[in-house]
Amino acid sequence: QVQLVESGGGLVQPGGSLRLSCAASGSIFSINFVAWYRQAPGKERGLVAGITNTDSTNYADSVKGRFTISRDNAKNTVYLQMNRLKPEDTAVYYCRIDLRRSEYVGYMDYWGKGTLVTVSS
């Protein structure tokens, strides 16, 4: 069994910063791609940032220069540093981790339950 636990969400004023964490636990053999998605009320879930196992990153245009994704392979944890937050960043943020539970199975996607980020004065 694999579990993803997100943390770090909350209420922040415009221009402020938050750091989200997503820790994977359980039977994990290796991790490939990891990413953060977000879903605002009334909108579809969309990719915010992703990072491969060679540390290649990609970002949504709306967050480039403000958000940074990183990973700690030893801790099976992915982070999202969010700076200069805007009200339009308000959403539930989800992590997605593409991992293998053993050398005998292929990669599968696992999702966290989400953490709410609210940017408001």
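This report walks through a predicted model, from its disulfide to its strands and its enclosed and open spaces.

**The disulfide**

The structure holds one disulfide. Cys-22 and Cys-95 form it, with their sulfur atoms 1.9 Å apart. The bond links distant parts of the chain. Cys-22 sits in strand E3, residues 18-26. Cys-95 sits in strand E9, residues 91-100. The two cysteines are 73 residues apart. The torsion about the S-S bond is about 40 degrees, so the disulfide is right-handed.

Are the two cysteines buried or exposed? Cys-22 has a relative accessible area of 0%, under the 20% cut-off, so Cys-22 is buried. Cys-95 also has a relative accessible area of 0% and is buried.

**Strand E3 and its partners**

Strand E3 carries Cys-22 and pairs with E1 and with E8. Six bridges join E3 to strand E1, residues 2-7, and these two run antiparallel. Within that pairing, Glu-6 has Cys-22 as its bridge partner. Six bridges also join E3 to E8, again antiparallel. There, Arg-19 stands opposite Gln-81 in E8.

Ala-23 lies in E3 too. How does its accessibility come out, as a relative accessible area? The value is 30%, between the 20% and 50% cut-offs, so Ala-23 is partly exposed. Leaving aside residues up to four places away in sequence, Ala-23 touches Gln-3, Leu-4, Val-5, Asn-76 and Thr-77. Ala-23 and Arg-71 are 48 residues apart along the chain, and their C-alpha atoms are separated by 9.9 Å.

**The E7-E8 hairpin**

Strand E7 covers residues 67-72. Its covered face holds Phe-67, Ile-69 and Arg-71. Its uncovered face holds Thr-68, Ser-70 and Asp-72. Strand E8, residues 77-82, runs antiparallel to E7, and six bridges join the two. Ser-70, on the uncovered face of E7, stands opposite Tyr-79 in E8.

E7 and E8 form a hairpin with four residues between them. One of the turn residues is Asn-76, which has a positive phi of about 50 degrees. Asn-76 is also among the contacts of Ala-23.

**Tyr-110**

Tyr-110 lies in strand E10, residues 108-111. Its relative accessible area is 17%, under the 20% cut-off, so Tyr-110 is buried. Which residues does Tyr-110 touch, not counting those up to four places away in sequence? They are Val-2, Leu-4, Cys-95, Arg-96, Ile-97, Leu-99 and Arg-101. Cys-95 on that list is one half of the disulfide. Leu-4 is also touched by Ala-23. Tyr-110 and Gln-3 are 107 residues apart in sequence, yet 8.0 Å apart in space, C-alpha to C-alpha.

The accessibility values given so far are collected here.

| Residue | Relative accessible area | Class |
|---|---|---|
| Cys-22 | 0% | buried |
| Cys-95 | 0% | buried |
| Tyr-110 | 17% | buried |
| Ala-23 | 30% | partly exposed |

**The cavity**

Rolling a probe the size of a water molecule over the atoms shows where empty space is left. The structure holds one cavity of 30 Å³ or more. About 50 Å³ of space lies in the largest cavity. Ile-31, Val-34, Arg-71, Asp-72, Asn-73, Asn-76, Thr-77 and Val-78 line it. E4, E7 and E8 are the elements that give two or more residues to this lining. By class, the lining divides into three nonpolar, three polar and two charged residues.

The hairpin turn residue Asn-76 thus appears in the cavity lining. Arg-71, from the covered face of E7, is in the lining as well. So is Asp-72, from the uncovered face.

**The largest pocket**

How much space lies in the largest pocket? About 160 Å³. Of the 14 residues that line this pocket, the closest to its centre are Arg-38, Ala-40, Lys-43, Glu-44 and Glu-88. Strand E4, residues 30-39, and strand E5, residues 46-51, each supply at least two lining residues. The largest share, three residues, comes from E5. By class, the lining has five nonpolar, four polar and five charged residues.

Strand E4 contributes to both spaces: to the lining of the largest pocket and to the lining of the largest cavity.

How values were computed. Residues numbered from 1 in each chain as written. Predicted model: local features only at pLDDT ≥ 70, side-chain atom pairs only at ≥ 80, totals over all residues. Heavy atoms only, no water. Buried < 20%, exposed > 50% of the residue type's maximum accessible area, 1.4 Å probe, protein only. Pairing = 2+ DSSP bridges. 1 Å grid on protein atoms, 1.4 Å probe; cavity = no way out; pocket = protein on both sides within 12 Å on 5 of 7 lines; lining within 4 Å. Points joined across faces, edges and corners; volume = space filled by probe spheres on them. Nonpolar A, V, L, I, M, F, W, Y, C, P; charged D, E, K, R; others polar. Disulfide = S-S within 2.5 Å. Contact = heavy atoms within 4.5 Å.
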